[in-house]
Amino acid sequence: MTRILLVDDSDQVRRSVRELLAEVLADVAVGEAGGAVEALALLDRETWDVVLLDLSLPDRNGMDTLRDIRRMRPTLPVLVMSFHTEAEYATAVRAAGAAGYVAKGSSSGVIATAVKSALSIRG
Amino acid sequence: VKQSGVKQSNAVFRILFVEEEGLGQPRVDGILDLTAKTEYVRAGSLREARQLLESERFDLIVADESRLRRVIDSIYTFVGLFSIGGVVIDVNQAPLTASTLRREQLVGHRFVDLPWFAHSASERSRIEMAIESAGNGETVRLETWIRSVRDGSPMCIDAAFSPLRDQNNIITHVIASGVNVTSRKRAEEALVASQARLEEAQRVAHVGSWEWNIAENRVRWSDELFNIYAVDAADFVPTYQGFLSRVDPDDVEHTVAIIRQAVEGVTPFIYDHRIRRPDGSVRMLHTRGEVIADDSGKAARLVGSCWDVTDRWQATRELEHVVSTLTATLEATADGILVADRTGKVAAPNQRFLALWRLPSDFGPGADVRELVDRVRDQLVEPAQFVDKMMELAGDEEGEVHDILHFGDGRVYERYAMPQRMGGSVCGRVYSFRDVTQREGLVRKVEARRAEAEVARKQYEIILERISDGFVALDRSWRYTYVNTGGGRMLGRNARDLIGKHIWTEFPEGRDQPFHQAYEQAIEEQRPIQIREFYAPWKKWFENRIYPSREGLSIFFTDVTGQVEAQEELRVSNERLRALAARLEAIREDERRTIAREIHDQIGQSLTALKLDVGWLRSQLPTDRAAAVAERARAIDALVDQTIETARRLSATMRPAILDDLGLAAAVRWQAREFEQRARVSCDLDLPNDSPPIDPAVALAMFRILQEALTNVARHAQAQKVHIGLNLGPGGSVLTVADDGRGVAAEELERPTSLGIAGIRERALAVGGEVTITGSPGRGTTLTVRVPTVAKRGR
């Protein structure tokens, strides 16, 4: 079973992504966190195969959260999802160790491919 | 004669024969036998014998006795026959005639007892001895002085006392004879005296005489000549060569030539030459010489005199020097000088005089002052006055004049006329003229300037009275020399009452106040000082403009209290306005952030979910018969995409999330790329790879400044390229935006309507930063923002 931690403050977004993941992946368990603090607590408690991280979190800077996750679980792939499409974001999250960057508003197929691609580089 | 036993001697023995006519031939042969050294002379008459006896000496007279007696009586020689004891036995007529004594007064008396012949003890003794000697066989001859029996005057007698022997050669008597030689004696004495006087005269006049026997090369010098040469007669034997060795080397050739010429031509000569004394001193001699020829007409001897004219020569040389100095001085002086004698004859005008009066350079001595006046009078403005003055001076030897002469062509001369005195009496007149045209011109100019200055001063005072500023002038001892009315009013005094008063006595509260210090400083540094200070004693602001001068200080002062207060109000108001603007900007930024976040969090998230849901719906639609539904779903999807894009742009415009998410450097890079695409201007970036955390307010301000600057570049610069530099050092953040556009002029930067620039300045100011903009037309513009930043600890 594939365990995916979904970090986004929007319930709507989490629901849509969760449904998308359930549809495209055969055996998947999705954990959800509405903010950075909650996400880091889940990371600490449970084991995950990939993290989908929104950079715009209400309680903490997304880039800092990304760096914290990478420090806690250096081998855990983190796929960054963000509403912003500027290239600087892609460059910055890559530099911070993210497995990939996918813009919110992309089609389901793009997002599914990105998640699968992130999972494939795991361990 | 033989029997008389005349004693033979070495001297020639002279015998006079007196032979009267008819007397017969004497036995001359016998006499001739007497001695070879006998010379005899014949007298044919008594008269002849007397003449011979008077002019010559004879040892023996041979004559008939009676005749002899007459002869003896007729001669002027005194003859006396004395006893051996010296008693007068007989005398001839001559002494009786000479003394007017009678024979009886003499005969029978000892000769030496006669008062007339041996008047003094020493003479008496000499004669006694002579008579005694004669008595002993010896002839004694002597000169003795006797007194004239007639008048007691002294007479010199050449006397002889001889023995008279009888046939047996026994001395029986003494023969005395004597001749009055007083006049000869007197002449001899006069000669000696005159020779002595000549020597003395030579000595006094420094005239020496010499004689040169050429053949024998024997030279004789007078005593004074030795003195002149300063050589000792004992050491120096004068010769011609010796003389030449004393001549000054420079004059030897000349001397030799002169003497050779004189000797060859047998001509007298006169010349001057110098000699050197043994001590090295030089004397100048004036020599006159004559050549004395021998029988053949050749030069045998040179005689002459030398006159030591050194003093005269030196005096002449000194005089020449003085005259030359005076002449040179006269010619070198800038004054024109004319000397005229008492008769008005021009003696010596200098060249300057001639030049001053436009006279030919050969106008000179001998001319008459009146003639001179006639020649120059027309040059003057008032010739008549000039002529009158000259005539007046001609009649007044003692008169002195100092006046100014004006010429028709504008020249101005100063004239001095002084009597020339010599030994206390007037001997002429000296006129001195000086060209003072320039000086007079200057004097007039100075007077004109002074008048102008006075006018200017009055005008100045009028202006000072009219200005609203206060004005005071202080002298160096802090006393008021001038206070204008406005100044008096401001000081609360009557302006006129303050004149002469001491400022710190009148206003003691002003001592050591800033204004006082400024006055001191202005005096010390001698430069104008402007000062605006609060004057605490009067609770007012004053502005002083202080000008130091040699006389003291000039101070303009104005009460600027209202102005300062207005300025202060303006400043406070400006600060409030700025705070307000900053606050408004902050509010606006907050609103933007809020809006951007709302867009992101609400609209963006909803759209994200919507997008996914629409995607799911589309995937669930049957592909065969629901083409219309599928088409509608695809349209919804596209609309969602469009909306997402709009939301993104709106959010980024409000506030780029990248600034908060990725930091200033990433935001700058993004903004630069955006600008490149939008404005088609290439950007050259110099950014740090890693952005250290900086104050978000500073980062925002810098980002907004960058945006504003790039907007300006796009609008105005017409640039091809922009260089953007960012330096986030520990001391501060520096953002540089440099374009290669048309450049910006200084006045454009200050223009109030350059709101872009004003906004940039305000933003920088709000975070404690500063902006500099440099540029010149054609060379682009560079904007630099410096903001001191404080690094935050940790992340």
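These notes cover selected charged residues, strands and cysteines in a predicted model.

1. Arg429(B) deserves a look. The residue sits in strand β18 (residues 425-435) of chain B. Arg429(B) is buried but makes no salt bridge. Asp396(B) offers the nearest side chain of opposite charge, 5.6 Å away. That distance falls outside the 4 Å cut-off for a salt bridge. The Arg429(B) side chain instead reaches the backbone oxygen of Gly399(B) at 2.9 Å. Its contacts beyond four places in sequence include Leu338(B), Val339(B), Glu397(B), Glu398(B) and Pro419(B).

2. Ile337(B) belongs to strand β14 (residues 336-341) of chain B. Its relative accessibility is 15%, so Ile337(B) counts as buried. Tyr431(B) is 94 residues away in sequence, yet the C-alpha atoms are 5.6 Å apart. Tyr431(B) is also among the residues that Ile337(B) touches, as are Val430(B), Ser432(B) and Phe353(B).

3. Strand β11 (residues 269-276) of chain B has two distinct faces. Phe269(B), Tyr271(B), His273(B) and Ile275(B) point to one face and are buried. Ile270(B), Asp272(B), Arg274(B) and Arg276(B) point to the other and are not buried. Such alternation is what a regular strand shows.

4. The partner of β11(B) is strand β12 (residues 282-293) of chain B; the two run antiparallel and are joined by eight bridges. Arg276(B) has Val282(B) as its bridge partner. Five residues separate the strands in this hairpin. In the turn, Gly280(B) has a positive phi of about 95 degrees.

5. Salt bridges number 64 over all chains. One joins Arg184(B) to Glu143(B) at 3.3 Å, N to O. This pair links helix α7 (residues 182-205) to strand β6 (residues 140-147), both of chain B, across 41 residues. Arg184(B) is partly exposed at 40%, and Glu143(B) is partly exposed at 27%.

6. Arg449(B) and Glu452(B) form another salt bridge, with closest N and O atoms 3.9 Å apart. The two are three residues apart in helix α15 (residues 437-466) of chain B, so about one helical turn separates them. Arg449(B) is exposed at 52%; Glu452(B) is partly exposed at 48%.

7. Arg618(B) meets Asp637(B) in a salt bridge at 2.8 Å, N to O. Arg618(B) lies in helix α20 and Asp637(B) in helix α21, so the pair ties together parts 19 residues apart in sequence. Arg618(B) is partly exposed at 34%, whereas Asp637(B) is buried at 9%.

8. No disulfides occur over all chains. Cys156(B) is buried at 0% relative accessibility, while Cys427(B) is partly exposed at 24%.

Notes. Residues numbered from 1 in each chain as written. Chains lettered and ligands numbered in written order. Predicted model: local features only at pLDDT ≥ 70, side-chain atom pairs only at ≥ 80, totals over all residues. Heavy atoms only, no water. Helix = DSSP H or I, 4+ residues; strand = E, 2+ residues; numbered from the N terminus. Buried < 20%, exposed > 50% of the residue type's maximum accessible area, 1.4 Å probe, protein only. Lys, Arg positive; Asp, Glu negative; His and termini not counted. Polar contact = N/O pair within 3.5 Å; in protein donor to acceptor, adjacent residues only side chain to side chain. Contact = heavy atoms within 4.5 Å. Disulfide = S-S within 2.5 Å. Pairing = 2+ DSSP bridges.
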